[in-house]
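Here is a short briefing on how the side chains of one protein chain pack and pair. Please read it alongside the sequence and coordinates.

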Amino acid sequence: MSSRLAKAGAQASRAVGNTKTRDFFYEVCRCLPFIQRIHKLDEILTTAELRAVVKSKFLDYKDVKDPRVTDLLIFKGREELESYMLMHLQRHHAMSDYIEPYNQRKTTAVKPSGNTPFLDSFFTTQYPQITPKY
């Protein structure tokens, strides 16, 4: 019987953790238009694209199951959100920490290459990989 209670308690704590995470995600999404306006990010991205950036950051930690780690991540996220809201972190912080990596990830994933493997390695690295032909 105690194992059933332990399993039920673990499932309940995961559900509470998911609720906390979901609530924090919605809180961040509600603050994005204000952050976009005060940091003048509307010149660079739309609100929907900023939400996609936040979603990608949340999905980086989707495998975290420990409720203590989840609470710590939410606490650190709230601190950072407050820093952006109070303008302790400026526009260039948002651009270098969130927007540029998201744009690079988006452009590298979308761009298909019709080149040979040699040309791909030539364009991406300083030392291209030469494969011998037998």
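What follows covers the nonpolar core, the cysteines and the salt bridges.

This is a predicted model, in which local features need pLDDT of at least 70 and side-chain atom pairs count only at pLDDT 80 or more, while totals for chains, interfaces and linings use all residues. Residues are numbered from 1 along each chain as its sequence is written, and side-chain values use heavy atoms, with hydrogens and water left out.

**Nonpolar core**
- The largest nonpolar core (buried Ala, Val, Leu, Ile, Met, Phe, Trp, Tyr and Cys residues joined through side-chain atoms within 4.5 Å) has 18 residues, of which Phe 24, Val 28, Ile 35, Leu 45, Val 54 and Leu 81 touch the most other members.
- Two or more residues each come from α1 (2-38), α2 (47-60), α3 (67-85) and α4 (91-110), these helices being DSSP runs of H or I with at least four residues, numbered from the N terminus.
- The largest share, 7 residues, belongs to α1.

**Cysteines**
- There are 0 disulfides (cysteine sulfur atoms within 2.5 Å), because the sulfur of Cys 29 lies 9.3 Å from the closest cysteine sulfur, that of Cys 31, too far for a bond.
- Cys 29 is buried at 9% relative accessibility, where buried means under 20% relative accessible area, exposed over 50% and partly exposed in between, with a 1.4 Å probe and protein chains only.

**Salt bridges**
- The count is 4 salt bridges, each a side-chain nitrogen of Lys or Arg within 4 Å of a carboxyl oxygen of Asp or Glu.
- Lys 20 and Asp 71 pair at 3.2 Å, N to O, linking helix α1 to helix α3 across 51 residues.
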